[in-house]
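Open your viewer and get the selection panel ready. We will go from one stop to the next, and at each one I will say what to pick and what you should find there.

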There are 2 protein chains.
Amino acid sequence: MLSNRQLLILQAIINGYIKSAEPVGSRSISQEKSISYSPATIRNEMADLEELGFLEKTHSSSGRVPSEKGYRHYVDHLLLPHHFSKNEVTNMKSLFEQKILEADQAVKHSATILSELTSYVSIVLGPKMFDAKLKSIQVIPLREDAAVAILVTDTGHVENKAVSLPAGLSSSDLEKMVNILNEKLSGVPLYLLEQKMATEITVLMKQHIDNYAEALLFAEDTLKKSSNEKVYYGGKTNLLNQPEFKDITKVKSLYELFEKEDMMHELLKPNKSGLSIRIGQENENAAFEHCSIISATYSFNGRAVGTIGIVGPKRMEYPKVISLIQHISHDLEDILKNLYRTDA
Amino acid sequence: MLSNRQLLILQAIINGYIKSAEPVGSRSISQEKSISYSPATIRNEMADLEELGFLEKTHSSSGRVPSEKGYRHYVDHLLLPHHFSKNEVTNMKSLFEQKILEADQAVKHSATILSELTSYVSIVLGPKMFDAKLKSIQVIPLREDAAVAILVTDTGHVENKAVSLPAGLSSSDLEKMVNILNEKLSGVPLYLLEQKMATEITVLMKQHIDNYAEALLFAEDTLKKSSNEKVYYGGKTNLLNQPEFKDITKVKSLYELFEKEDMMHELLKPNKSGLSIRIGQENENAAFEHCSIISATYSFNGRAVGTIGIVGPKRMEYPKVISLIQHISHDLEDILKNLYRTDA
DNA sequence: TTTAGCACTCCGGTTGTTCGAGTGCTAAAT
DNA sequence: ATTTAGCACTCGAACAACCGGAGTGCTAAA
């Protein structure tokens, strides 16, 4: 178990390193306000902390740098609460000030705020509205062989898709089909659509539509969900300012990963809800080995529907980012609640 | 005027520099297949070419590097036609092989191909379908105070927008309004919508709708175009491989610009149609001072509706990229023509 | 007019040196 | 038993000196 003094020193070293990005030495620590030991004492403790794996040296006579274990201990036990500056507060409030009509707007805006308030990259996923119910479905023919299908959910989300019209489907059949779909499916949650389709609708179509086989296929094509939630980024170029990303190869692998939305989605998708902090190698992808990622889910109707996160160097301003993420994720939840209040 | 020999040497130097990214010396040029002069002769010519501003030295005893004037002369007078490799051809053909139902798909795919076939960044704008006509307009109420408005064009493009419902607007009024809008506006080209709105529609609404003032405002809100065309990128990380972008500050200003879609749009929007080649400082934005941009418009119904372009280092493979851009822009035009054939 | 030859220039890499920041250890001080 | 002062030591960063090579410009011969 670490002594109080050791904790104090560990904390001071990590704070110092987060500020300066340079190995920190015993002398500078001893000058710290809250610390009243001589450099020699501190050196002894540092040697112990290194032995225990919390600190590392870059070379034999250098100052100390936190190891991943060090950061981990820091975030688990040593976090000081962060107090937002006036500026930060007003910036965060701006999330509410706009007239927001749609979830995507709010989400995009959150990403921007998050990146503006940190000098890191923000990533926002979702929201994936599980509970969204189909409000209306429309098929608008364009030419004899093509049409657009439009699904609208009760959350105001619109999904559209170009579809090809089967030759054998008459326009009256099409109309009938759309009617059936609307009648039977409106109010049905999206995730049940395909299932419902397979059961009830099939029967109905058989009864009422001449060319029901074609129609069925078409309807299935129409409803096939394409709704991979979007990934929004903010401040993608911020990392280029961080000294740890002077090396272009690190930047490259990172940016290449950012471009792969499906992978990013996989890495950040809401699993265990709540706050998650992954430091360096704790991340599942090698491109993040020099990064820390702090993320939190945000929920709607008690269900995690999206994630907001920050990617920065391991030497991240943890207290600030954590507070910020928690704050914004709550704000987002409030906005969603307001937006899609089930007034009933 | 430059002598033939000077042109030959200029060409060889530029080709060499494009390949190697290193200053090229008289010796390597003299070994070139097509050149049969001794290094000394070539040195003399190089000195002249430098005097004339086509070449530069990086230091007093270095080989030569093309100046922007040199590149300019090269692209204007010395381009060799490029022959695509088998691989490249099949890759380009893949643009047609997919079943494409919507313009955006084709455009996105073009961006990908373009970047895969070069090791540069591709940028595709548009298409902005000027001639697109309104096919259908729908307003779907979600709650008592909000709705989604959906516009569909005859090109299959769907535009949707969350709007707030004015309190004084009854649902029957809403329905009437939508009917009027559809009746009067369908078939009208998008760019005429606002104008038509101001004249005919206003009158009609006054006649038929109780709370016409509210309704009008709402209708205007609904139709207000939000359609800044998208900007698609391909291979954004490609540039990081180029030796000229080892320096992270160059990368940074470039990537920051990429993020500003409106600015990129401004810089690339179709003005004079046809092919455009901008080398280094010829570009309007300082972030591009080390880049060349080759772009071409693509047209629909005789009107330039979008741009495809490649951003690379000044030391770009001009012949290949130019052929490629021309090729793909034609392909895109064909696809659009096929897609939105005015069958009438 | 071309080219061989040669002196010269400058860059990049290597080596040596110095300087300073930082350490570990020992012995004195508390 | 802790803490601290003192000191020898280590290492990297910064700088100078040096060398080799690639390339040039110029002159004089072909």
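**First stop: DNA strand C**

Select DNA strand C and the 19 residues around it; those that come nearest are A:Ser26, A:Met46, B:Thr41, B:Ser60 and B:Ser61. A residue is near a strand here if one of its heavy atoms lies within 4 Å of it. Before you zoom in, note that this is a predicted model, in which local features need pLDDT of at least 70 and side-chain atom pairs count only at pLDDT 80 or more, while totals for chains, interfaces and linings use all residues. Residues are numbered from 1 along each chain as its sequence is written, chains are lettered from A and ligands numbered from 1 in the order in which they are written, and side-chain values use heavy atoms, with hydrogens and water left out.

Now colour the strand by backbone and base. Among the atoms of DNA strand C within 4 Å of the protein, 75% are sugar or phosphate atoms and the rest belong to bases.

Three distances are worth drawing. Start with A:Lys57, whose side chain has an N or O atom 3.3 Å from a phosphate oxygen of DNA strand C. Next pick B:Ser38, where a backbone N or O atom lies 3.2 Å from a phosphate oxygen of the strand. Then go to B:Ser60, which has a polar side-chain atom 3.0 Å from a sugar or linking oxygen of DNA strand C.

Show the cartoon as well: helix H3 (39-51) of chain A and helix H3 (39-51) of chain B are the elements that give two or more residues to this surface. Helices here are DSSP runs of H or I with at least four residues, strands are runs of E with at least two, and both are numbered from the N terminus. H3(B) provides the largest share, 4 residues.

**Second stop: DNA strand D**

Which residues come closest to DNA strand D? Of the 19 that surround it, they are A:Thr41, A:Ser60, A:Ser61, B:Ser26 and B:Met46. Here 76% of the strand atoms within 4 Å of the protein belong to sugar or phosphate.

Label A:Thr41, where a side-chain N or O atom is 2.6 Å from a phosphate oxygen of DNA strand D. For the bases, select Arg43 in both chains. A polar side-chain atom of A:Arg43 lies 3.2 Å from a base oxygen of DNA strand D, and one of B:Arg43 lies 3.1 Å from a base nitrogen. H3 of chain A and H3 of chain B each give two or more residues to this surface, and H3(A) gives the most, with 4 residues.

**Third stop: where the chains meet**

Hide the DNA and select the interface: 38 residues of chain A are in contact (heavy atoms within 4.5 Å) with 38 residues of chain B. The two chains bury about 3200 Å² between them, 64% of it on carbon and sulfur atoms. Buried area is the accessible area (1.4 Å probe) that two parts lose on being put together, summed over both. In chain A, pick A:Leu101, A:Arg143 and A:Ile248, which lose the most area to chain B, together 18% of what that side buries.

To finish, highlight strand S4 (134-143), strand S5 (146-153), strand S6 (158-164) and helix H10 (248-259) of chain A, the elements giving two or more residues to the side that touches chain B. S4(A) gives the most, with 7 residues.

Technical notes: A polar contact is a pair of N or O atoms within 3.5 Å; within protein, one must be able to donate a hydrogen and the other to accept it, and residues adjacent in sequence count only if both atoms are side-chain atoms.
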